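Hi,

Here's the structure I promised to pass on. Have a look at it first, then read my notes below.

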Amino acid sequence: MSAFVLASLALTVWICGRFAFRHYMSVGYTHAETVLRLTVNALDADLARYEVVPDLIADLDLIRQLIENPGDMSLRDQTNRWLERQNEVVQSSDIYLILSDGETIAASNYRKERSFIGENFSYRPYWIDAMNGVPARFYGVGTTSGVRGYYFSAPVRDRAGRIGGVVAVKADVDRIEAAWQGDEHKVLVSDSEGVIFLSTERDWLYHSLNPLTPDRMRHTAESRRYAGTSLDELQLRRLDQHGVSVLRMPGPGGENDMRDYIAAEHEMGDAGWTVHVLLDSAGLKAGARLAVASVMLLLIVTLIGALFVLQRRARIAERLAMQQFHTDELERRVAERTVDLARVNALLEEEVVERRITEAQLRAAQASLVQAGKLAALGQMSAALSHEINQPLAAARNYADSAAILIERGEYARARGNIAQILTLVDRMAAIGKHLRQAARDPGDQVGAVDLNALLHETPMIVGPRLMRSGATLEVDVPADLPPLRGEPTRLQQVLINLISNAADAVEGVGDRRITLTAQNEGGDVAIRVRDRGPGVPDAIADRIFDPFFTTKGLGAGLGLGLSITSNIIRDFRGEISCRNMAPGAEFLVRLPLAVPASP
């Protein structure tokens with residue numbers, strides 16, 4: 001019996017241990033994937049700032065004139081000064097102009113000791129690709145400056161359309177690496193050959209995750225990517241621990257400090273990079289061991305309690321047997337009642353033990369729910385930011401495409417107007433990001449008087465691309481003397497954009513694609529109505545349309561956050577939002593209080 005109990009206890013502990021380690025490692029991998037997504041998005045956004053700069057510079061008359069007259073020293077000096085100013089504006093590392101033979105004739109760093117002027121970069125892949133008419137990207141260490149950077153290039157064509165040179169823009173990557181410092185996770189970026197060129201650990205730089213074969217070394221040397229920097233292989237082993245991919249590699253202490261890191265990685269196809277996020281599994285394994293020790297302690301306490309109850313019951317039974325042996329019929333009846341009371345007492349003691357076990361399980365479940373809630377909140381905030389930035393980002397893309405066409409036509413005044421609109425949309429996206437960062441503050445802190453008519457001048461510009469895709473038309477009927485309402489401009493405009501975009505989705509594919517937006521003063525409140533002529537809202541889902549992540553669109557067509565965000569904003573403004581079906585279509589009604597209550 002004792003051997004069976006011990007074997008059962010050991011088996012239970014072993015099963016709990018496997019489950020605990022798998023759970024903790026899975027939670028760590030989920031956290032690493034979340035950090036990876038945020039890191040990749042931030043890296044993409046940072047590099048995208050410089051992608052169009054070479055094309056814009058290459059289309060300027062000043063650059064084309066210098067390509068056609070490279071010996072004009074006055075023109076060279078003018079170009080140097082202009083590139084220096086533009087380099088400060090776009091906050092890049094360097095901007096320079098290279099002739100078709102690879103010689104650099106103008107650069108923003110012409111005043112510096114290690115200027116690029118006179119250097120020949122014909123060996124660089126970004127020059128070779130641009131001379132073939134293809135805008136290019138390239139990462140490398142500067143052979144002149146010795147500074148790491150990411151290069152963007154574009155061909156410069158003369159008036160006859162021939163490629164006469166290359167404009168190159170070098171983006172500084174040191175500040176990106178500095179932004180990753182101080183977190184619990186490690187971040188590293190490797191090139192297409194597996195060589196690490198960005199890392200939170202300086203000792204990992206210029207080490208390869210893959211074997212340094214002769215072909216890889218030859219390819220790296222031909223492009224002079226690392227400017228003669230010595231490359232080494234990083235000692236690592238890829239393992240599978242409890243269903244999670246793990247890299248065993250040197251930690252901050254060097255090769256004598258081998259650690260197991262949970263690894264999540266993502267390939268950035270356009271840049272040719274692979275981003276890796278590593279999380280030290282030591283803390284997670286310690287948590288799993290602590291959980292197993294807690295379970296073991298609980299089982300031991302339960303076993304001791306059970307043995308105590310059994311021993312006590314045995315003693316009671318022995319005492320009752322002796323009393324029954326020495327007493328008469330009356331004493332036997334008393335003994336029978338005593339047995340009944342003892343049985344009830346034992347049941348109560350067992351119930352107390354069960355309740356203690358249940359309470360321990362409840363505390364463990366609550367701890368898991370708190371952790372899951374944190375991860376869910378982070379995922380919802382990331383999804384909300386992605387959802388709210390899509391509209392102004394689509395509008396900015398359209399204005400950017402239009403500005404490029406206008407520049408090609410020489411209509412610079414209209415192009416500047418488009419760029420001004422893009423800057424307005426960028427300010428709006430910054431305001432949305434600021435709003436999400438202030439999500440923990442009191443929602444009423446930023447509320448004030450808002451002129452609805454002023455917002456409606458900008459809103460059609462943002463939702464215009466969405467209306468064009470669905471073939472919808474927006475009809476606005478708002479009195480000019482409508483009093484200011486209580487709210488905050490950026491978030492109220494989010495409400496209007498979300499409701500109009502939702503209506504555009506509803507009318508897509510129907511005959512009558514009108515969307516009507518009206519507003520009027522009704523009894524001290526401003527009533528804003530947005531109506532479409534679509535199929536309406538089915539009764540079965542009417543109560544769920546304002547829930548987060550609920551959507552009726554197809555896979556990949558939406559996040560299901562628009563109406564949820566809208567409802568939260570209206571509630572912050574102390575307003576109300578509701579939806580009802582019309583004939584045909586659906587109508588969303590938003591009621592917001594006036595900024596200054598009307599006089600009686």
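Let's start with a pair of strands: β18 (residues 525-531) and β20 (residues 586-593) run antiparallel and are joined by seven bridges. If you want one bridge to look for, Arg529 has Leu589 in β20 as its partner. Keep in mind that this is a predicted model.

Zoom out and you'll see that these strands belong to an open sheet of five, in the order β15-β17-β18-β20-β19, with mixed pairing. At the edges sit β15 (473-477) and β19 (576-581), each pairing on one side only. Ignoring direction, neighbouring strands in this sheet are turned by 15 degrees against each other on average.

Now for the helices. α12 lies across β15, β17, β18, β19 and β20, and runs at about 140 degrees to β17. α13 lies across β19 and β20, at about 135 degrees to β19.

How do α12 and α13 cross, and at what angle? The axes of α12 (residues 489-507) and α13 (residues 562-572) come within 9 Å and cross at roughly 145 degrees, and the crossing is left-handed. The residues in this contact divide into six nonpolar, five polar and two charged. Among them are Val495 and Leu499 in α12, and Ile565 and Ile569 in α13.

One last stop, elsewhere in the chain: His276, in strand β13 (residues 273-280). Is it buried or exposed? His276 counts as buried because its relative accessible area is 6%, and the cut-off is under 20%. The His276 side chain also makes a polar contact with the side chain of Glu265 (3.2 Å).

Cheers

Key
Residues are numbered from 1 along each chain as its sequence is written. This is a predicted model: local features need pLDDT of at least 70, side-chain atom pairs count only at pLDDT 80 or more; totals for chains, interfaces and linings use all residues. Side-chain values use heavy atoms; hydrogens and water are left out. Axes are lines fitted to C-alpha atoms, for helices over the stretch in contact, and angles run from 0 to 180 degrees between N-to-C directions. Helices (H or I, at least four residues) and strands (E, at least two) are DSSP runs, numbered from the N terminus. A crossing is left-handed if the near helix is turned anticlockwise from the far one by less than a right angle, and right-handed if clockwise. Contact means heavy atoms within 4.5 Å. Ala, Val, Leu, Ile, Met, Phe, Trp, Tyr, Cys and Pro count as nonpolar, Asp, Glu, Lys and Arg as charged, and the others, Gly among them, as polar. Buried means under 20% relative accessible area, exposed over 50%, partly exposed in between (1.4 Å probe, protein chains only). A polar contact is a pair of N or O atoms within 3.5 Å; within protein, one must be able to donate a hydrogen and the other to accept it, and residues adjacent in sequence count only if both atoms are side-chain atoms. Two strands pair if DSSP finds at least two bridges between them.
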